Structures are given as C-alpha cells and as structure tokens.
Amino acid sequence: MAARIKERVLAEKMDAVRNAREWSPKILEKLETLIRAGDDYELFRINPLRFAADRGIVENEAIDAFLHGAKQGMFQMEWNLVCPTCGDSVDSFRSLNKLNSHFYCTVCDLNSEATLDDFIQVNFTLSPEIREIAYHHPESLSIEDYHLKYHFNRSAAIPNGPRFVDAVPGLVKVLSWLGPGQKKRFELDTTGGSLTFSDLMHHLSTAVTVSGAPAEKPQPVTVRLEGGKLVPGQAVVAPGKLIFTLENRTAARASMMILNFPPGFTKTRLVFEPCLSGKKLISLQSFRDLFSSEVIQGTEGIGVRDITILFTDLKGSTALYERIGDLKAFSLVHQHFERLGTVINEYSGAFIKTIGDAVMASFLNPVDAVKAALEMNKEIARFNRAFTSRDMILKIGIHKGACIAVTLNDRLDYFGQTVNTASRVQGLAGPEEVYITEEVFAFPGVKALLRGYKVFAGRAKLKGMQEQIQVYKIVAAPFRDGAEDMESVDAASLDAGDAGLDLKASTAPAASKQAP
C-alpha cells in the first residue's frame, strides 16, 4: 500500500524551502521524489552526501536543501554518536546541546571520546508531519530491523571486507525481544571465543568467556536483567552446547542480542562512506545562519582533530575613525564585513565572529582558506575603488590544527592553541599580506595555488610560544618582475626550506588582535 503523504503540509513546507534561496534546477524536485517514493528505510537517517552523489547534485547545495527542510520541519536533524568498530548508533540527539563527547558502545564494550571530525555523523529523517515511517516508532520494529537497521550504520564496512551489517548475522546467536518480567530459554552451540550479551534499548552489556575442554553435556547458563545491569550466572563456560535462560526482572521491555565472537577475533576500526560530519556541518555558514540557537553545553566542549582558522584585521582602523568620524567609519567597516562574509561563504567557510575590526573564520581545509584569503584582498581592492582613498586594507593570517568547539557568548566558536596561533600569525602581516604557517603551506594543493605569487619564507617568534615557527608571507598581487625589492622565491621551490627572510627581525611578533 502506498505511503500516505500529508499533501497540504508537504506543499506548504516545500514552498517555504523553495522561497528560501535560489536553487539549482531539479534539486527540490529530486528531494520531493525521495519523500514520495522512498521506502521507510530510505527515509531514515538520510545521508545528504549520498543523496547528492546518487543524483548528481552539488554536495553543499544538497546539504542546504536538507538544512532548510529541517528548519521548516520537513526533516528531523539527528546528531549520531557512531561506534568506530561496529557502526552502532550508540546515541542520537535532535539538538547539538544534548551531545556528549564521551560515549560507551555496549556491543564492543568500548569507551570512547568522540570528535566532530568522524565519530559524530549528522543525518536527516523524514518528519512524521509529512509521512509516518516505521522508524519513527523503533519499539514497533521487528527485532532484526531494530538491531541491524535502526542501530547499525548501513554503510560501515570491515576494511577490505563486507559491510558490517552483512557480517553481523554470522556472529548472531540470539535476537529477541524480552518483555517485562519475561523469561526465555535458548539453545546454542559454541566452539570458543566469547559471548557478548547486549540490551541495546538500555545500553547494557556483559560477556562470558568460552574456553577450556569441550563439555560432555549441555551447560545451563542464566543471564538476568536487573538493577540496571545484565548479570551472568558465570563468567566462563566450556565449548559445546549451552542452554541459556534470559530473565528480565524489570518493568521495561528489553532487546536481547547474543553475539559469539570466535577465538582470536580482533575488532578493527571500520571504514565509513563519506558522510556529513559534525565538523563539516558547523563549518557551513548556512547551518550557522539557520540554526544560530544551536549551542554546545558544558565547559569541556567537543574536540575537533583538524580545522583551518583564518583571521583578518584592518590596517590603521583607529586612524580611520579619527579621520572620517565614527558613523562613516563604522559604515565602511560593516560593509567590509559583508564583503568578507560573502567570500568566506563562496569558499565553503564559516564566519565565526568579529573581534573589533577583525574577522575570524573557519574552513575545512587550508586550500579553501588560502583561496579565500587571496580573494579577500581582491574584493577589498574592488571595494576601495568606490572611494577616493584606500580606507580598507587587510592583514590576514592562517593556521591549521586541532581545537575545541565550544559555545562562547551564545554562539558556536573555537578555542585552543590553533586559534591563538592563527591570531598571532595574522599579527605578523602587513598591509595586503597573507601569512600562513608551515602546516598550511605543506597541505596538498597550497603550493600549486600560490604558483605565480611572490612568497617569502622565514621563522618568527610568536607571543606566548617558546620556539620560533616557520611562516610564509604571500604578497597579495600575483608576482610581476620588478614588483618587489625583497628577496623572494617561487612557492613551488620552497620545499628546500628557509628563503633567508628573518621575519622575527622585520615584523612585530605579537598579534594586534588575540583570540579570546
């Protein structure tokens, strides 16, 4: 029987998404086709990157379509903590402020620390406002679908092997619902290894080791669910036939899964298809604009293993305010923020915040950040042509590394040494200069991007750091013979190391703006 679509609601929400921005041809039609024709599993935890790849859609525009759909209530956006060794969706949250970076996988008996880069995946499930699907009510699913489809990631694969969900049935000995106060009896054979008992409804797990000489007769084994624990009657059993009694001594329904891992079984990190990571999502300006109320709760924040941070500042902004007055200067500075924001968005970055006249932005990779920096100088040059004087002159710095995503002043922000370094590297820059660190310069694609620009290499001492660091100064305009008197080298030849410019001696070591 065809799924019942709530036509009026769908039409209203599709119109709202359609009017939210300009869309490429057919993208919203393809989205509506999925809603109408997709089966229940296809509409559960949709991967927008897979949706884009299957339908020939630009990835970021597909993500935007789902974000706008979620904003209008067409989809439920879910932040999923995914176990790296079994793909179990250990926990799922509708809001970022519910997310906890510490998690425990009952299947793998694994305590882990999530990062926004890979353990946190963001998916979209069709809202019941549009159409009811079985996965809105997991308690009504078959025991097989509850475990293998509702819990386990559909794309996770064993390295050089099958998908994990296809391998799991070979390990499963028992799958069963266990009602309140219910007792069930099962028989199974095992040749060794270990038996893991998991109640995924309540995130409970226990294990029994299988070792020793084979038993001559069936062994009775009892496992009880009581007091918020799974309690086995014994810790070790012999290989052979086992007669299990599973007893639920609680007032809640449980889901029981028994896995038999063979001797010597090693759990390895799985391979996942490309997905919308938490890092990528919070690095998109559309997410920050549409979901500005999303915050990370607590004081610890959530780790990000690798992010690129860009800082800009204006040359002589104090003198500008004195020369043309506060109102006119403020207007110019505000317009320059808008121009920079457009460039940041064009190169897949996120406008994090302003600090006085400075801008902080984040990018997923250094190539996009350097492209944006070079374009920023061009854009501000175009902006200045409308005036008789060059009032807006940028100084830019870029660094990459690990940091922590936090909430500061009710907005998503980044904190840590990577942010501080990017800010202080920006402080080295002069007018229309871009300074980058070795981590940025060495990233694949950056050197090729800078070919034709005049680049200076050297070492600099930054405030608060014990050791000098390698930095590179990029002159804003592409290189033309005779354009500079200073010694320079082409970016492609800088692999050999220092070009002889002592940046510590020739520039101020401290940043004019510091990250909070």
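How much space lies in the second largest pocket? The legends below take up that question along with a few others, using a predicted model.

**Figure 1. The whole protein, a predicted model with 15 helices and 23 strands.** Welcome to the overview before we zoom in. The protein has 516 residues, and 54% of them count as buried. Among contacts with a separation of 6 or more, 73% join residues that are 24 or more positions apart. The exposed surface comes to about 22800 Å², with carbon and sulfur atoms supplying 50% of it.

**Figure 2. A close-up of the largest pocket, which holds about 440 Å³ of space.** Take a look at the lining, made up of 27 residues. Nearest the centre of this pocket lie Phe44, Arg45, Ile46, Asn47 and Arg154. Helices α3 (48-55) and α5 (143-151) and strands β1 (75-82) and β5 (120-126) each supply at least two lining residues. Of the elements, α3 gives the most, with four residues. Sorted by class, the lining has ten nonpolar, nine polar and eight charged residues.

**Figure 3. A close-up of the second largest pocket, where about 340 Å³ of space lies.** Here is the answer to the opening question, now with its surroundings. This pocket is lined by 20 residues, and those nearest its centre are Arg45, Glu78, Ser92, Pro138 and Tyr150. Two or more lining residues come from each of β1, β2 (89-93) and α5. Strand β2 provides the largest share, five residues. By class, nine of the lining residues are nonpolar, seven are polar and four are charged. If Arg45 looks familiar, that is a good catch: Arg45 is among the residues nearest the centre of the largest pocket, and it is also among those nearest the centre of the second largest pocket.

**Figure 4. A close-up of Val446 in helix α14.** Our last stop is a single side chain and its neighbours. The helix that holds Val446 covers residues 446-450. Is Val446 buried or exposed? Val446 counts as buried because its relative accessibility is 0%, under the 20% cut-off. Leaving aside residues up to four places away in sequence, Val446 touches Pro366, Val367, Val370, Ile436, Val440 and Phe441. Asp368 makes a handy landmark for this view: Asp368 and Val446 are 78 residues apart in sequence, and their C-alpha atoms are 9.1 Å apart in space.

Conventions. Residues numbered from 1 in each chain as written. Predicted model: local features only at pLDDT ≥ 70, side-chain atom pairs only at ≥ 80, totals over all residues. Heavy atoms only, no water. Buried < 20%, exposed > 50% of the residue type's maximum accessible area, 1.4 Å probe, protein only. Contact = heavy atoms within 4.5 Å. Areas by Shrake-Rupley, 256 points an atom, 1.4 Å probe, with all protein chains shown as cover. 1 Å grid on protein atoms, 1.4 Å probe; cavity = no way out; pocket = protein on both sides within 12 Å on 5 of 7 lines; lining within 4 Å. Points joined across faces, edges and corners; volume = space filled by probe spheres on them. Nonpolar A, V, L, I, M, F, W, Y, C, P; charged D, E, K, R; others polar.
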